[in-house]
Structures are given as structure tokens and as C-alpha cells.
Amino acid sequence: AYGCWFLIHRRWRESLDLICGVLPAVLVLGLVDKITWGNWFHSVFMHGKINLVDGIGNQWGISPWYTHVFYYFDIVGALSLFAVVVLVLEPRRLWRQLPESVRAAWFVNLFFVAVYCTVAHKEKRFLAPLLFTGIYAAFGTLVKIKPMRSAWIFSFLLIVVHGAINFNTYILQQPWWDRVSAIEKAGLIPGIEKMISPLWPATFYLSREVPSFVITADPVALENAVRGVNRFGVAVDWRDMQPFERLGFKCTGWPTTRPRPPKNDDPVPWAYECVRK
């Protein structure tokens, strides 16, 4: 993105310097893929194919393209939104007053967000690399604004509202806590031979204590997963364990600690210990 900024402004020498500086690191990353996977830049091409062509990233649910725009302001901070609003209201006067480095930072941020808006798999953590450049661009813009009491009041209220929303989301509601806790508990049940998780594709969450597998919830897949097994752990979104009971197992909920009571209309992720009858 920074290289594109140089090219737009016809700063050929700076662009060449940046390419020469970045090229060794890029080649090392490509070499790691060559050694690991047998193909140069395998991870880059596979990432693009999985998310943009195959749609496998959609297994987490498809969000609108502008989701990352909201994520940007949320992860960088509420004052970044204030800075953008001011820039939109007074683009010519304020933009010219900004140092070249601040304008370049805004371009890098816009470029980065635009690229990730094309990826179907939407997660806020993807924008974490913009924490520094985003804060730098926002405050580099705000310092050019004439001090006004109304602006200070608005900024304070914006920070309070943003903080309250995130406190409610991450401290009080704790999204995904139930699911991650269930996966962890199911993999730590003593004496199990394996742990399985129907329908949850995030294999990086699964237990490393025992062999762990993601499977589909159809009868054939369930039967194959438990064949020859006498005791296993399972993490599921549903509470009806009849699919396993029909295969000759008795499943008992494994104790977990949830920070809030489950809603009646919301399936509760749970860890089970299943033992052959």
C-alpha cells in the first residue's frame, strides 16, 4: 500500500527503495512455503483461492463487504471516526494541512481495509496491524483542528459510548465463550480416547491432549467417528444426544462454568462425555 502511495505521486526512487527493502523478506516467506508445502508462496495463493474462489471462508457466515469498515473504527478507536468526519466536512483545507506522512497513513489504512473487504471471512482481528497507523493518522489529523469546546465534548461522549458498547459485548455478553469453553472441556475429560466436534470447522481450537476431529453431523460420519471407541468427548451446539445414543452410547453433560444463563431460544454449546453402554 505504501508502495502504491509512492507510485501515485511518481516518487520512483522511494518506490524502488521500498521494493528492495521488502523483497528479501518476501522471498524468505516464499522460501518457507517452498520448503514446507513444495510450492513458492503456497500460503498466499491458497488463502486467496479459499476465501475468494472456493468460498470456504464463508463457513463462518457471510458478512456485508462494509463490515471491515465498522471493524476499523472499532479497533482503532472512536476518535478515528471523528477524524474521518472532520476530513469529509473540510477535505480541501484540512487535507492540505496534513503532513505527508499522515496522508500516506490514511492511504495505507484505506488500502488495507479495502483489500480485506473482499474477503468473505470477516473477523476484527484481521485489522490489528492498523492499530499504529490508524491511531497515528487519526491524531495527526485531530491536532490540525482548532480547539473547540463542542469538539472536546463530542470526543468525550464518543469515547464513553464506544467504551460502553465494547464493555457490554466483551465483558458482559462474552460472545463465543460458551463454545470455546465447551471445546476445551470436551478435550480434557479424563480417560477419553478421542474428542470430536460436529459442525465446528475451527480445528485450531481443538484439544491437543487427545486425537481431535471435526466431523459433519450426518449419521454416517458419526458412526465412522465412534467406530471402535468406547469413551470419547464431544462438543456440540445441540442438547439432543440421540444420534450418539442410537449408536450405543450414553452421553452425560460434562460440567462447565458459563458466565451467564443460556437464553431459551439459543442453543447452548456443551461438552459431553459419551461411554459405550
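This passage looks at the nonpolar cores, one pocket and the aromatic pairs of a predicted model. Residues are numbered from 1 along each chain as its sequence is written, and side-chain values use heavy atoms, without hydrogens and water. Local features need pLDDT of at least 70 and side-chain atom pairs count only at pLDDT 80 or more, while totals for chains, interfaces and linings use all residues.

The largest nonpolar core holds 24 residues, and Tyr72, Phe82, Trp106 and Leu142 touch the most other members. Such a core is a set of buried Ala, Val, Leu, Ile, Met, Phe, Trp, Tyr and Cys residues joined through side-chain atoms within 4.5 Å; buried means under 20% relative accessible area, exposed over 50% and partly exposed in between, with a 1.4 Å probe and protein chains only. At least two residues of this core come from each of α4 (67-76), α5 (78-89), α7 (100-117), α8 (131-142) and α9 (149-173), and α5 gives the most, with 6 residues. Helices (H or I, at least four residues) and strands (E, at least two) are DSSP runs, numbered from the N terminus. Leaving aside residues up to four places away in sequence, Trp106 touches Tyr72, Ser80, Ala83, Val84, Leu87, Trp95, Leu98, Ala137, Ala138 and Thr141, where contact means heavy atoms within 4.5 Å. Another core, of 16 residues, lies apart from this one and includes Ile196, Phe232, Val236 and Phe249.

Trp106 also appears in the second largest pocket, being one of the residues nearest its centre, along with Phe73, Val84, Asn109 and Leu110. On a 1 Å grid over the protein atoms alone, a pocket is an open set of points where a 1.4 Å probe fits, with protein on both sides within 12 Å along at least five of seven lines; lining residues have an atom within 4 Å of a point. The volume of this pocket is about 390 Å³, taken as the space filled by probe spheres set on the grid points, which are joined across faces, edges and corners. Of its 15 lining residues, α7 supplies the most, with 7. By class, 14 are nonpolar, 1 is polar and none is charged; Ala, Val, Leu, Ile, Met, Phe, Trp, Tyr, Cys and Pro count as nonpolar, Asp, Glu, Lys and Arg as charged, and the others, Gly among them, as polar.

Turning to the rings, Phe232 and Phe244 are both buried. Trp5, Phe107 and Phe111 form one aromatic cluster, with rings of Phe, Tyr and Trp (its six-membered ring) pairing if their centres lie within 6.5 Å; planes under 30 degrees apart count as stacked, over 60 as edge-to-face and the rest as tilted.
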